[in-house]
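Student: I've got a model open and I'd like to know where its labels come from. Can we go through them one at a time?

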Amino acid sequence: MEKMSIHPTLLQRKIVHIDMDCFYAAVEVRDNPSLKGKPVIVGGQPGSRGVVATCSYEARKFGIHSAMSSSQAYKRCPSAIFIKPNSEKYRAVSSQIRDVFKRYTDVIEPLSLDEAFLDVTEHQLYGTEIAKRIRSEVFSDTELTCSAGVGPNKLIAKIASDMNKPNGITVVPPHKAKVFMEHLSLRKIPGVGSVTEKKLNSLGFKLCKEIWPIHISELERKLGKRMAGWLYDRSRGIDERPVRTERIRKSLSAERTFSEDLNDLDKIQEEIRKISVRVSEQLVKKDLKGKTITLKIKYSDFEQITRCISIERKTNDVDELFEVSYQLLLKTEVGARSVRLLGIGVSSFGDSEVTDSSITFSNGVQQVLF
Ligand SMILES: [Mg+2]
């Protein structure tokens with residue numbers, strides 16, 4: 001007798017991905033209308049070690065993008081207006097947006113302050129209608145625009161939200177998923193970065209559909225088991241990951257291993273600064289502040305030590321992280337011994353720690369309205 005089983009994809013879900021349009025820059029322009037139509041860059045000042053956090057579409061025309069160094073951005077567009085990020089303000093707006101989402105579902109997975117997945121499977125309205133309402137309510141509550149993608153899973157919803165940016169919506173109903181993926185460049189799959197893209201291109205793969213005829217065993221030979229299975233599914237628009245409500249994050253850290261061991265204190269200080277910037281950016285992005293700062297050092301002989309301290313008030317400020325880490329550094333043998341790895345971690349997030357660790361799976365429902 002034939003075995004009866006329901007393939008998970010038959011439990012059709014409705015997933016919405018919402019992404020604010022150049023969020024930080026849009027907030028700044030909203031609050032200072034004289035910036036309208038100008039290249040606005042939120043991030044570090046040119047000449048500093050800072051990077052571009054977000055920039056307006058006018059700045060993007062100059063080839064400026066987030067994570068680019070501010071100095072390079074300045075070279076591309078000297079007339080750009082650089083604004084220091086105001087994380088308090090962005091957090092406040094982010095929570096307004098979250099309030100709009102909550103009117104439609106509790107199954108919300110924020111990816112950053114300005115981006116989230118919503119599982120609206122259980123809602124009686126069409127996913128399309130929900131996305132439309134969210135967009136208009138976000139606009140009326142914040143005067144800011146966002147883009148939305150609606151699809152049967154996170155992969156498709158996320159790719160879709162990027163297709164009609166800014167201020168647009170793209171809906172991919174389940175029966176259109178295949179056509180949607182077909183001519184899509186593999187680079188559009190979140191998780192395929194420039195390194196993976198190069199590798200795939202060198203194997204002759206540019207589009208999702210070019211993966212389809214390749215047998216999984218051949219893909220495994222070419223890409224390794226993990227990557228092959230992942231790409232096999234993603235290229236076909238398959239993604240069973242549930243929308244996860246927030247998880248507990250206990251610490252956040254960044255570290256660097258150097259190609260050559262470091263002796264020079266100035267150089268080490270410079271590296272501490274760079275790592276502080278990275279940690280601070282991640283904390284701001286994830287809306288976290290911590291009280292405990294940990295410095296990790298691996299000496300050239302591989303001995304590893306950590307030094308940590310708890311400060312009075314929670315922070316995610318780059319200068320404070322740097323100062324504290326540098327003070328910790330002075331309590332080590334750095335200078336006398338050379339260093340092969342440096343790392344900085346922040347923990348004790350306290351109140352901002354999110355305690356809901358549940359993973360929410362949406363139930364499969366019979367009738368799904370797209
Ligand atoms: Mg965004």
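Tutor: Sure, start with the sheet: 5 strands make an open, mixed sheet in the order E5-E6-E1-E7-E8. Strands (E, at least two residues) and helices (H or I, at least four) are DSSP runs, numbered from the N terminus. This is a predicted model: local features need pLDDT of at least 70, side-chain atom pairs count only at pLDDT 80 or more, and totals for chains, interfaces and linings use all residues. Residues are numbered from 1 along each chain as its sequence is written.

Student: What makes E5 and E8 edge strands?

Tutor: Strand E5 (108-112) and strand E8 (169-171) each pair on one side only. Pairing takes at least two bridges found by DSSP between two strands.

Student: How do you know that E1 and E7 pair?

Tutor: E1 (residues 15-20) and E7 (residues 146-151) share 6 bridges, in the antiparallel sense, and the cut-off is at least two, so they pair. One bridge joins Met20 to Cys146 of E7.

Student: Why are H9 and H10 called oblique to each other?

Tutor: The axes of H9 (residues 216-223) and H10 (residues 225-235) cross at roughly 130 degrees. Under 35 degrees is roughly parallel, over 145 roughly antiparallel, 65 to 115 roughly perpendicular, and the rest oblique. H9 and H10 are therefore oblique.

Student: What makes me careful about residues 1-9?

Tutor: pLDDT, the predictor's confidence in each residue from 0 to 100, stays under 50 over residues 1-9. Where pLDDT is low, the predicted coordinates should not be read in detail. For the chain, the mean pLDDT is 88.

Key
Two residues are in contact if their C-beta atoms, placed from the backbone, lie within 7 Å. Axes are lines fitted to C-alpha atoms, for helices over the stretch in contact, and angles run from 0 to 180 degrees between N-to-C directions.
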